[in-house]
Amino acid sequence: MSDSVIRELDAASITNTVEELCIRANTELPADVHAALDSACAAEPWPLAKETLGLLQQNLCVAKEKDLPICQDTGMACVFVELGQDVHINGDLTAAVNEGVRRGYEKAYLRKSITGDPLRRVNTGDNTPAFLTVHLVPGNGCRITVAPKGAGSENMSRLAMLKPADGVQGVKDFVMETVRLAGANPCPPIVLGVGIGGSFDHCAALAKRALLRPLDEPNPDPYYAALERELLDAINATGFGPQGFGGQTTCLGVSIEWEPTHVACLPVAVNMSCHVTRRASADI
């Protein structure tokens, strides 16, 4: 019998938090992404690329001054909840999250981009449902992250079931092929979330989760941290540059997440993001 005290959490608190995070994530670029953009602009030697990066920075300043979205595609509301196992929610978690998204997108006049059916293409009108991922963690806390994801970069994402014999070189080749196929479509400079291992579905989830890690935090495993750096250098060496106009700033960061896999599998997924890689978090 556990001695833990169950914490009661009202669904209304979740709704209010999600509402605020939807607005904040769409109007404020995370500090680490902003810093990476600043560093890239300072180091970029190609005049047109430097000018383009300057325009992107100017856009961020205007958005901040006028409290406007930093991108016209305010995205799918990808919501991640780290829920303590000693928390009891008074109400429906999914409904609470969707209500928060509904309120946030309405309140801030954010673009509604969700179709209720992938083939019949009828807009739901309020950007719901959210794409909710829940992870149970020890304790009685609740951390919510909202990461709006635009379609321009999402459409360039890919997953492959490689053979174990393909090894690390196969992973590198797949990532680089994905970047080359994407070209300027995902609004570079891009950010890459890479998932390696797991099953077909877990691998894609790993790639999405990798985008939540700040760009100034390398993988804690030195092996994967070195691979992140190698891929970042190789991508920037392609010369696509900001918005595809040429230059050395094609990618701001590469984050890899991995997990064990079957002896006969080597799944790899690339979830591509753009220079407005958005996320906002809060503990409640």
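In this predicted model, 4 strands form an open sheet of mixed pairing, arranged in the order β6-β9-β7-β8. Because β6 (158–162) and β8 (251–259) each have a single partner strand, they stand at the edges, and one side of each is left without a neighbour in the sheet. Averaged over the sheet and with direction ignored, neighbouring strands are turned by 15° against each other.

At the β6 edge, 5 bridges join this strand to β9 (residues 266–273), and the two run antiparallel; within the β6 and β9 pairing, Met-161 stands opposite Pro-267 in β9. Two helices pack on the sheet, as the table sets out.

| Helix | Residues | Strands touched or crossed | Angle |
|---|---|---|---|
| α7 | 200–210 | β6, β7 (190–197), β8 and β9 | about 145° to β7 |
| α8 | 222–236 | β7 and β8 | about 145° to β8 |

A further element is helix α3 (residues 47–66), whose 20 residues reach 29 Å from the first C-alpha to the last, close to the 28 Å expected at 1.5 Å a residue. Its buried residues are Ala-49, Thr-52, Leu-53, Leu-56, Gln-57, Leu-60 and Ala-63, and they lie on the same side of α3 because they cover an arc of only 140° around the axis. This spacing can be read against the general geometry: an α-helix has 3.6 residues a turn, so residues three or four places apart point the same way. The buried residues of α3 pack against α2 (31–43), whereas Pro-47, Glu-65 and Lys-66, on the other side of α3, are exposed. Just after α3, Asp-67 takes a positive phi of about 55°.

Key: Residues are numbered from 1 along each chain as its sequence is written. This is a predicted model: local features need pLDDT of at least 70, side-chain atom pairs count only at pLDDT 80 or more; totals for chains, interfaces and linings use all residues. Side-chain values use heavy atoms; hydrogens and water are left out. Two strands pair if DSSP finds at least two bridges between them. Axes are lines fitted to C-alpha atoms, for helices over the stretch in contact, and angles run from 0 to 180 degrees between N-to-C directions. Contact means heavy atoms within 4.5 Å. The expected span of a helix is 1.5 Å times one less than its number of residues. Buried means under 20% relative accessible area, exposed over 50%, partly exposed in between (1.4 Å probe, protein chains only). The arc is that of the directions from the helix axis to the C-beta atoms.
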